[in-house]
Amino acid sequence: MRALRKQATGFGLSLAEAPEPPAPGPGEVTMRVEAVGICGSDVHAYEWTDGYGFMVPHLPLTMGHEFAGVVEAAGAGVSLPSGTRVTVMPGIACGRCANCARGDARNCTDRRSIGLTCDGGFAGRLTLPAANCLPLPANVDAELGALTEPLGVGAQAVLVGGVGLGDTVLVLGPGTIGQALAIMARAAGAARVIVAGRADAPRFEVLRELGFSELIDVADAPLAEQIQGKVDVVLEATGHPASINDGLAVLRKEGVIVAVGIHPAPLTLALTDFVRMRHQLRSSHGTARPTWDKVLAMLGRDPESFRPMITHRLPLERGIEGFELARQRAASKVMLTP
């Protein structure tokens with residue numbers, strides 16, 4: 001079986017032969033992957049930027065954590081019959097730690113991450129816990145199903161930020177997560193959703209197709225010069241620490257800023273100004289199960305409205321080319337088909 005694998009530390013991935021997945025044990029399924037998206041985290045691991053050393057003890061492994069497909073076989077005690085179309089939650093809780101014992105599996109202290117610490121979806125087939133597989137609505141295909149994970153990340157961050165009816169929301173970063181943040185802020189009742197990027201014309205075009213018109217290019221002028229008044233909530237998805245300060249400069253007193261991006265360097269913060277403005281800095285990472293369910297319901301109500309997010313489609317055999325596309329501003333979401 002061919003798979004995109006991280007074989008060792010350092011730049012790059014390999015399209016290599018990987019073992020066929022084992023037969024599903026109790027509580028497991030074997031699924032056929034039909035579509036898998038390249039995430040920003042995958043690009044960071046491909047480039048081997050700071051913050052991905054946690055993968056070292058688990059290498060080599062098959063990457064990919066945004067995927068959907070069809071159940072081929074189910075182990076004992078599994079209620080997902082063969083042929084069920086599913087999307088996959090990538091976090092595998094241990095079920096034993098103190099957090100799991102009190103029902104807080106999202107904050108498991110011994111959590112595994114499909115595609116980052118164990119084999120993932122950049123392959124034709126995969127065996128994994130059935131509990132991580134959620135059935136897709138009948139009208140949602142695998143390509144859109146693979147968007148559930150980034151959409152869930154956006155929805156969770158909007159919940160963390162407390163976006164509410166009538167709010168003005170600023171999204172920093174117009175990539176896939178930024179697009180998800182904008183969509184979910186609008187769904188939460190925001191009256192205005194502004195999205196800022198730098199020389200991101202192709203991604204801005206995707207946002208226009210998704211129905212957003214207040215788009216700011218900070219290559220033209222500093223952010224603070226282009227926003228009239230202050231915003232209620234800032235949702236940051238750039239991965240550049242300095243953008244946090246840019247967002248704080250346009251945030252109202254007692255406003256909330258949520259860091260969603262993965263940052264390769266520390267943040268320098270004018271803490272006294274931060275305190276005097278009574279700003280709230282929060283973080284959001286991953287998605288809770290109830291949020292997944294809500295995202296799937298949204299997809300089922302109007303699946304085609306999300307289709308513009310997918311800008312490139314390639315076979316797995318051209319996966320390295322897909323990663324290079326994902327590193328460029330020309331790409332929004334690159335979807336691979338094993």
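How many bridges join β1 to strand β2, and in which sense do the two run? I counted four, and the strands run antiparallel. A reminder to myself before going on: this is a predicted model.

**Entry 1: the sheet around β1**

I started with β1, residues 2–6, and checked its cover. Four of its five residues are buried, so I noted β1 as mostly covered. Its partner β2 spans residues 14–17. For the register, I looked up arginine 5 and found it opposite serine 14 in β2.

Then I turned to the other partner of β1. That is strand β4, residues 61–62, which pairs with β1 over two bridges, again in the antiparallel sense. Here lysine 6 stands opposite leucine 61.

Put together, I have an open sheet of three strands in the order β2-β1-β4, with antiparallel pairing. The edges are β2 and β4, each of which pairs on one side only.

**Entry 2: aromatic pairs**

Next I went through the rings. The structure holds four aromatic pairs, and I wrote up two of them.

In one of them, phenylalanine 11 and tyrosine 46 have ring centres 4.8 Å apart and planes at 50°, so I put the pair down as tilted. Phenylalanine 11 sits in the loop between β1 and β2, while tyrosine 46 belongs to helix α1 (residues 40–47). The pair links distant parts of the chain, with the two positions 35 residues apart.

Which of these two is buried and which is exposed? Phenylalanine 11 has 52% relative accessibility and counts as exposed because the cut-off is over 50%. Tyrosine 46, at 3%, counts as buried.

The other pair I noted is phenylalanine 122 with phenylalanine 323. Their centres are 5.8 Å apart with 70° between the planes, which is edge-to-face. This pair also links distant parts of the chain: phenylalanine 122 is in the loop between β8 (112–113) and β9 (125–129), phenylalanine 323 is in helix α11 (residues 319–327), and they are 201 residues apart. Phenylalanine 122 is buried at 0% relative accessible area, and phenylalanine 323 is buried at 0% as well.

I then asked how these rings group. Phe11, Tyr46, Phe122 and Phe323 form one aromatic cluster.

**Entry 3: glycine 322**

While in helix α11, I looked at glycine 322, which is found there. Glycine 322 has a relative accessible area of 0%, so I marked it buried. What does it touch, leaving aside neighbours within four places in sequence? Ile38, Leu314 and Val334 are in contact with glycine 322. I also took the distance to glycine 83: 28 Å in space, C-alpha to C-alpha, for 239 residues in sequence.

**Entry 4: nonpolar cores**

Last came the cores. In soluble globular proteins, nonpolar side chains tend to be buried together, so I went looking for where that shows up here.

The largest nonpolar core has 47 residues, and Leu151, Ile183 and Phe306 touch the most other members. Helix α5, residues 176–187, gives the most to this core, with six residues.

I followed up isoleucine 183. Outside its neighbours within four places in sequence, isoleucine 183 is in contact with Leu151, Leu210, Phe212, Met298, Phe306 and Met309.

Apart from this core lies another one, of 38 residues. Leu4, Leu13, Ile92 and Leu316 are among its members. Leu4 took me back to where I began, since β1 covers residues 2–6.

Key. Residues are numbered from 1 along each chain as its sequence is written. This is a predicted model: local features need pLDDT of at least 70, side-chain atom pairs count only at pLDDT 80 or more; totals for chains, interfaces and linings use all residues. Side-chain values use heavy atoms; hydrogens and water are left out. Buried means under 20% relative accessible area, exposed over 50%, partly exposed in between (1.4 Å probe, protein chains only). Two strands pair if DSSP finds at least two bridges between them. Rings of Phe, Tyr and Trp (its six-membered ring) pair if their centres lie within 6.5 Å; planes under 30 degrees apart count as stacked, over 60 as edge-to-face and the rest as tilted. Contact means heavy atoms within 4.5 Å. A nonpolar core is a set of buried Ala, Val, Leu, Ile, Met, Phe, Trp, Tyr and Cys residues joined through side-chain atoms within 4.5 Å.
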